Amino acid sequence: MSKLVKECMTNDLKSRWDGVSDALLVDVAALEANDTVALRKQLREKSIHLLVVKNSLARRATEGTSLGPAFEGLGGTTAVVWGSEDIVSLAKEVTKLADGDDFDKFETKGGVMDGAKLSPEEVKQVSKWPSRTEQLSMLMGQILSPAATLSGQLLAGGANLASQVKQISEKEEE
């Protein structure tokens, strides 16, 4: 490959990964063509991108970025997976595909999260964390819980008072 072609490809990778801080590395080389098409379609439906890259070009394109550590010391065929709602959702999807029966030869090779390199085992651990949506719902539950408790306590006292007033008024009527 000429220097010009390498430079063009590197610039293309830089523009694709501009703003991406989390990504996972997978191996899809052993998959058959039809399986690769099905895999890409499945990922695309979840707003996840998959790109097979040459390691040296990826290293050059991510040099000095938060994705850089992912490609240090990397060998063999590599595909980069990025996108989804957050790194946890991405890790859950990739782990589900790797552990599933649909794509037997699909493997996780690691990744990068906030500039820190992840091993395949760490990707599995990240996949067990709550996703962004789950974290937000837990947070909202914690925020709303004291208000709900206070409301219940305030209404309970009023209900008790109303009940006593009703009982007294019923006694006076008799």
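This is a quick look at helix α5 and at two residues, Leu13 and Ala29, in a predicted model.

Residues are numbered from 1 along each chain as its sequence is written, and side-chain values use heavy atoms, with hydrogens and water left out. Local features need pLDDT of at least 70 and side-chain atom pairs count only at pLDDT 80 or more, while totals for chains, interfaces and linings use all residues.

Let's start with α5, residues 120-127 (helices are DSSP runs of H or I, at least four residues; strands are E runs, at least two; both are numbered from the N terminus). Its buried residues are Val123, Val126 and Ser127 (buried is under 20% relative accessible area, exposed over 50%, partly exposed in between, with a 1.4 Å probe and protein chains only). Down the axis of α5, these buried residues fall within an arc of 100°, so they line one face of the helix (the arc is that of the directions from the helix axis to the C-beta atoms). Glu121 and Gln125 are exposed, on the face turned away from the buried side. The buried residues of α5 pack against β1 (22-27), α4 (87-99), β4 (107-113) and β5 (116-118).

Leu13 sits in helix α1 (residues 3-16) and is buried, at 7% relative accessibility. Neighbours within four places in sequence aside, Leu13 is in contact (heavy atoms within 4.5 Å) with Leu51, Val53, Leu57, Ala58 and Ala61.

Ala29 belongs to the loop between β1 and α2 (33-44), and is partly exposed at 48% relative accessible area.

Two C-alpha to C-alpha distances:

| Pair | Apart in sequence | Apart in space |
|---|---|---|
| Leu13 and Lys117 | 104 residues | 19 Å |
| Ala29 and Leu144 | 115 residues | 49 Å |
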